[in-house]
Amino acid sequence: MESPARSWREYPQRYRLEAAKCTKCDKVLYPPRVICPACHGRDFETVTLPREGHVVAPTVVRVPPTGFEEETPLPVAVVELSNGVRLMVQVADMADPLELKIGDPIHLEFRRIQQDSEAGLLFYGHKAIRD
Amino acid sequence: MREVAIIGVGMIDWGELWEKSLRRMWTEAALAALDDAGIDTVDLITVGCMSPGLFVGQEHIASLLADEIGMAGVAATRTESACASGSLAFRAGFAEVASGLSDIVLVTGVEKMTDVDGGDATYTLGTAADREYEAFHGITFPGLYAMMAQVHMARYGTTSRQLAAVSVKNHANGLLNPHAQYHLKISIDDVLNSTMVADPLHLFDCSPITDGAAAVVLAPLDKARDLAGKRPIVKVAGSGMATDTIALANREDLGKLRAVELAGQRAYAMAGRSPNDIHVAEVHDCFSISEVMVTEALGFFEPGQGGPAAERGLTALNGKIPVNPSGGLKSKGHPVGATGVAQIAEITTQLRGEAGQRQVNGARIGLTQNMGGSGGSSTVHILEVA
C-alpha cells in the first residue's frame, strides 16, 4: 500500500522532472542521487529534464500488473531525452500501440499514471507522446 | 582456500503443489539431499528465497526451517537476490566451507508461489524491478525482457522463430526430467500462436509460476572422498557474482547482459577455464530471449549468434554445447528462490553420470548461470569432476 509520504517525496522528479547534474563531470542523473555513479562526485545542481527525445526500447504490455487492468494493451518504452538521460515511461494516445518503433521521436506530457490507489492517492507523472 | 565438493543433491517434483506448504516442500528436498550425502548433521543451513514475506506472509524462514528439519540450534541464514537467491545461498555455503568457517553446509532454495493469485504473483515478482521508476509505470517482467528482445532483434536480426526454438528445445528436455513441472512437447508454431504477453514475447516464451524446492550438501573435498564410495566426486571449480543497474533505463546497452558477462569472466578465471571447456550448462531462461542473451554473454556464441545457434540445434541435448538439459526454467518450472540450487543439483547429477535419459554423454565440466530481475544480478558457477 502506497503511503502519502512515499508519493509526496517523489514530486520534484516525477511532477517537475527535476534531475541532478554533477558539477564535476556534468553527468545528469535522473532520478537525483547523492553520489555520481560515473565520477563519484558528490556536488550537484538541480536541472530540469528536456521534454523531447526518442524511443530506445518499446514493448506493449498485454498482461497488466495490479492497478493497470483498464490500460491494456499498454505501450511502454525506455526513451532517451535530448540530453542523453533515459527513463521508463508509458506511451499515450497510440491508436495502434504496435506502431511504436525504436527511434520514433517523442515528447513528454504530464498525465495520470495509475488508477487511484486503495488509499485514495492519485498517481501522476509523465508519459511519452509520439510526435 | 579449501577445495569444496558437492556430496549430496535433493529435488522434489515441481509444479502447482496445492497440497504442500513452503516448509513441507523445503523439508522434503533437504532430506533428499542429506540422504543422498549419507549424513544427518550440518554446521550451517543456507536458504535462497526471494519473497516469502509477500508470497506466504512469512519472514525469518531460515530459523523456521532449521527447526522444521529437527536442527534448531544450528546456524542458518537466508539469502536474497531476487531470482538469483538460490545461487547466492550456494555461493554463501561455498565460501563458508572454502574458508574453513563451516565443514558441512546444507544449501537450499525454495519458493511457494501459488498461495497468491496471478496479479499478486506478478506484483511480487515486479518488486525485483525498480519499484519507483519502472514498476510504477506499469511495466512487467515479461515487458522488461521484451524490451531487450526488441533491441536484440533490431541490432542482430534475431527472430521470433529463433526465440521459439529455445522454448521448444527446453520442453523437449523437460520431457526427460521426472521432476519437471511440464511434460509437454511443443512446436515452433505452438509458441508463435500462443497468447502475446508483451511484444514480441508470447506465453510460451515465458517461464511459469511454480512451487518448488531444491537442496545440495557441501563438504571439504578430502571429507567428500571418504563419503563418496564409487561415485564420481563433483567439486566447485569457480564461483563468480556480479551486479548491474536494476533499472533498464540506466544501462548503456540493452542488447547485452553485463552482470552475466562479468560473473562469467570471474568464474572462468577462478576455474582456469574458458567457454570452450564447458560440456554442459544450466542457464537462466526465465524468457526465451534470456537464454539467447546469456549464451552470448557467457561466450558460448558471438553476440547476435545466440538465436541462430538455438535454431540450428547447437544447444540441444546432443548439440555442440547442451544448454538446460533439465528442461530449464521454461519446462522444469521457476520457483524463483529454488532455481539456482536446482541448477547446481542438475549439473552435479550430469557430472556424476546419473541423469538417465537426459544425460549429456561424457560431461566432466559443467556451468550454472542464475540471474536476478532483468539482469541486475547474476552468478556463474563452474563444477568439475574431481
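How many helices and strands make up the secondary structure of chain A? In this predicted model, the count for chain A comes to two helices and eight strands. Their order is easy to follow along the sequence, where chain A reads α-α-β-β-β-β-β-β-β-β. The C-alpha trace of chain A spans about 45 × 40 × 20 Å along its principal axes. Of the 131 residues in chain A, 36% are buried. Contacts were also sorted by separation: among those in chain A between residues at least 6 apart in sequence, 47% join residues at least 24 apart.

We turn next to the meeting of the two chains. Chain A contributes 26 residues to the contact, and chain B contributes 26 residues. On the side of chain B that touches chain A, the elements giving two or more residues are α5 (118-126), α6 (141-156) and β5 (196-198) of chain B. The largest share of this side comes from α6(B), with seven residues. Sorted by class, the side of chain B that touches chain A holds 15 nonpolar, eight polar and three charged residues.

The nonpolar interior offers a further view of the model. Its largest nonpolar core has 164 residues, and B:V216 and B:V341 are those with the most contacts inside this core. The surroundings of B:V341 can be listed in full, leaving aside neighbours within four places in sequence: B:V341 is in contact with B:G48, B:G86, B:A89, B:F90, B:V107, B:T108, B:G109, B:A214, B:A215 and B:V216. The two residues with the most contacts inside the core, B:V216 and B:V341, are thus also in contact with each other.

Notes:
Residues are numbered from 1 along each chain as its sequence is written. Chains are lettered from A and ligands numbered from 1 in the order in which they are written. This is a predicted model: local features need pLDDT of at least 70, side-chain atom pairs count only at pLDDT 80 or more; totals for chains, interfaces and linings use all residues. Two residues are in contact if their C-beta atoms, placed from the backbone, lie within 7 Å. Helices (H or I, at least four residues) and strands (E, at least two) are DSSP runs, numbered from the N terminus. Ala, Val, Leu, Ile, Met, Phe, Trp, Tyr, Cys and Pro count as nonpolar, Asp, Glu, Lys and Arg as charged, and the others, Gly among them, as polar. A residue is buried if 20 or more other C-beta atoms lie within 10 Å of its own, exposed if 12 or fewer, and partly exposed in between; C-beta atoms are placed from the backbone. A nonpolar core is a set of buried Ala, Val, Leu, Ile, Met, Phe, Trp, Tyr and Cys residues joined through C-beta atoms within 7 Å.
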